[in-house]
Amino acid sequence: SDASQTLGFQAEVKQLLHLMIHSLYSNKEIFLRELVSNASDACDKLRFEAIDQPALLDGEGELHVRVDFDKAARTITISDNGVGLSREEAVANLGTIARSGTREFFSKLTGDKQKDAQLIGQFGVGFYSSFIVADKVTVRSRRAGAPADQGIIWESDGQGEFTIAASEKATRGTDVVLHLRADEDEFLSGWKLREVLRRYSDHISLPVQMLKEEWDKDKSEQVKTDEWESVNQANALWTRSKSEVSDEQYREFYKHVSHDFDDPLAWTHNRVEGRSEYTQLLYVPKHAPFDMWDRDARRGVKLYVKRVFIMDDAEQMLPSYLRFVRGVIDSADLPLNVSRELLQESRDVKAIREGSTKRILSLLEDLAENKKEDYATFWTEFGQVLKEGTGEDSGNIERIAKLLRFASTYEDSDAQTVTLADYVTRFKDGQDKIYYVTADSYTAGRNSPHLEIFRKKGIEVLVLWDRVDEWMLSHLREFDGKQLVSVAKGGLDLEALADEQEKKHQTEVAEQFKPLVERLQEALKDRVKEVRVTLRLVDSPSCVVVGQNDLSPHLQRMLKAAGQ
Ligand code: ADP
Ligand code: MG
């Protein structure tokens with residue numbers, strides 16, 4: 001209907017608005033980044049829809065974003081001639097947060113401004129950041145393809161409700177009008193806005209324009225002319241050569257594509273030529289998104305074909321264990337009308353996925369080698385996901401194995417810092433295997449009775465307790481030709497490590513306890529395979545081990561807990 005309606009924000013939006021206004025105040029300029037970012041996305045979407053319906057682009061010249069201000073009215077307006085919003089889209093997109101896990105996310109907020117500001121940043125603030133500087137926001141929009149009388153007007157003071165009504169709009173696209181709060185007059189300046197735009201939006205691939213200003217001698221101030229001029233370079237950042245892009249620009253571009261608030265940890269930017277041709281600009285974030293373990297979470301990169309935006313979250317471009325990677329892939333080979341279904345079967349996509357995987361592994365290897373602290377951050381945030389690669393990507397298992405980090409009895413700490421290569425350099429004479437224990441926690445692992453003999457002999461044992469570890473170990477059977485062996489398995493083959501005296505001792509003890517062993521064997525015959533005298537224990541009298549080829553006790557418990 002055309003009638004004006006007043007609707008309530010989703011509860012989480014209300015919380016977000018409240019928190020943002022109070023916690024992001026020291027970073028308030030980001031509203032401009034977010035609104036220009038949205039305007040640019042809207043133009044990208046229109047260009048995509050126009051692949052099938054070229055008429056959508058009629059009538060308005062080149063796609064652009066425009067920023068203007070009105071000193072008297074105390075407003076800033078961000079306009080685009082992109083895809084626009086229908087009434088339904090405005091209600092859905094400017095009144096709710098359409099991300100899975102949003103409620104859980106908000107339940108984690110603590111009330112501590114600083115911590116929450118960090119968390120909100122990870123969440124992405126987007127359109128709602130307007131309310132940091134504005135006490136009223138008016139959005140006028142017209143969907144591409146809709147006639148002038150089907151425009152809409154959305155308005156809110158950010159207090160909990162918004163109104164939506166029909167409103168004639170002469171041009172396609174969206175105007176966001178910010179009615180500034182009382183002390184935000186600094187933004188009513190062409191100089192100030194240009195400065196912020198240059199800092200935050202230089203990577204935007206469309207022209208971002210402002211009205212040219214001239215010095216007025218009579219008034220003795222800068223006055224606006226009626227001529228629009230670009231304030232950015234307006235070519236897609238990833239098409240520029242590396243030497244033309246500053247670190248600052250790479251960082252801002254990351255924030256645009258990832259909807260992250262924080263800087264990235266590292267990036268890799270390459271143009272690949274040859275059988276398949278594409279450009280990749282891929283980033284590793286500094287922190288895991290709150291929904292990394294959510295099946296429905298956004299993942300993947302933005303896909304472009306010859307600089308035309310095709311889709312967000314193209315998860316086919318990378319294997320699932322690299323789902324934390326963000327960025328852009330621009331293919332020269334894929335057809336413009338490519339669909340998600342087509343992507344799944346495409347040989348070009350396969351080549352891109354393999355190439356991108358190698359680039360990310362190289363990037364991680366480089367961090368591990370040259371920026372150890374950054375790698376430690378990476379490992380803490382994404383180590384558990386990377387471990388999935390041992391099963392998912394057997395072709396790269398050796399490279400992945402080198403990137404793994406473990407806690408071990410050598411460091412006697414739950415910090416995961418030990419590499420398999422470190423472990424191998426500490427082999428004792430006669431040792432040819434890598435030993436590990438799996439448990440529910442680090443403490444449970446390191447206190448396992450199975451470790452006694454290893455401790456006595458000074459042999460290092462890796463301690464694993466992550467959820468994915470058992471699964472990883474079922475794929476990662478060896479490293480550098482050395483087997484990975486659980487200390488909880490029978491036939492540990494520790495004889496090679498025993499000295500002559502120990503061997504003699506074992507034979508004597510076995511002889512001495514033969515009658516006892518036989519009685520135990522008889523008594524437990526329905527419950528255990530075999531009773532054996534062992535040297536593996538030092539302080540404990542006995543322990544249960546599993547057969548060489550049986551499931552480990554930890555995995556058995558996990559399967560039982562999962563109802564299997
Ligand atoms: P995000 O950009 O991460 O999706 P935002 O809060 O910035 O989240 O924006 C929410 C949604 O509002 C966008 O996904 C888009 O659907 C819609 N939107 C915002 N600004 C515009 C615009 N200028 N033109 C069209 N749609 C827009
Ligand atoms: Mg946005």
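In which loop, between which strand and which helix, is the place of Leu237? Before it is selected, two remarks on the model are required.

This is a predicted model, in which local features need pLDDT of at least 70 and side-chain atom pairs count only at pLDDT 80 or more, while totals for chains, interfaces and linings use all residues. Residues are numbered from 1 along each chain as its sequence is written, and chains are lettered from A and ligands numbered from 1 in the order in which they are written.

**First stop: Leu237**

Select Leu237, which lies in the loop between strand E9 (221-230) and helix H8 (247-258). Helices (H or I, at least four residues) and strands (E, at least two) are DSSP runs, numbered from the N terminus. Leu237 is buried, because 21 other C-beta atoms lie within 10 Å. A residue is buried if 20 or more other C-beta atoms lie within 10 Å of its own, exposed if 12 or fewer, and partly exposed in between, with C-beta atoms placed from the backbone. Next, add His203, Val245, Gln249 and Phe253, with which Leu237 is in contact when its neighbours within four places in sequence are left aside. Two residues are in contact if their C-beta atoms, placed from the backbone, lie within 7 Å. From C-alpha to C-alpha, Leu237 and Phe253 are 7.7 Å apart, with their positions 16 residues apart in sequence.

**Second stop: Asp58**

Is Asp58 buried or exposed? Asp58 counts as exposed, because it has 10 C-beta neighbours inside 10 Å. It is found in the loop between helix H2 (30-52) and strand E2 (65-70).

**Third stop: ligand 1**

Select ligand 1 and the 17 residues that surround it; the closest are Asn38, Ala42, Asn93, Gly126 and Phe127. A residue is near a molecule if its C-beta atom, placed from the backbone, lies within 6 Å of it. Helix H2 supplies the largest share of this shell, 5 residues. By type, the shell holds 6 nonpolar, 8 polar and 3 charged residues. Here Ala, Val, Leu, Ile, Met, Phe, Trp, Tyr, Cys and Pro count as nonpolar, Asp, Glu, Lys and Arg as charged, and the others, Gly among them, as polar.

**Fourth stop: helix H10**

Select residues 347-370, the 24 residues of helix H10. The end C-alpha atoms of H10 are 34 Å apart, which agrees with the 34 Å expected at 1.5 Å a residue; the expected span is 1.5 Å times one less than the number of residues. Among the buried residues of H10 are Val349, Ile352, Ser356 and Ile360. The buried residues of H10 pack against several elements, including strand E10 (266-272), strand E14 (326-331) and helix H11 (372-387).

**Fifth stop: the strands**

Select strand E5 (residues 152-156) and strand E6, which pair in the antiparallel sense over 5 bridges. Two strands pair if DSSP finds at least two bridges between them. E5 and E6 form a hairpin with 4 residues between them, and Gly158 in the turn has a positive phi of about 75°. Strand E1 (residues 5-8) is also joined to E6 (residues 161-166), by 4 bridges, and runs antiparallel to it.

Finally, select the open sheet of 6 strands, whose order is E16-E15-E18-E17-E20-E19 and whose pairing is mixed. Strand E16 (413-418) and strand E19 (478-479) stand at the edges, each with a single partner strand, so one side of each is left without a neighbour in the sheet.
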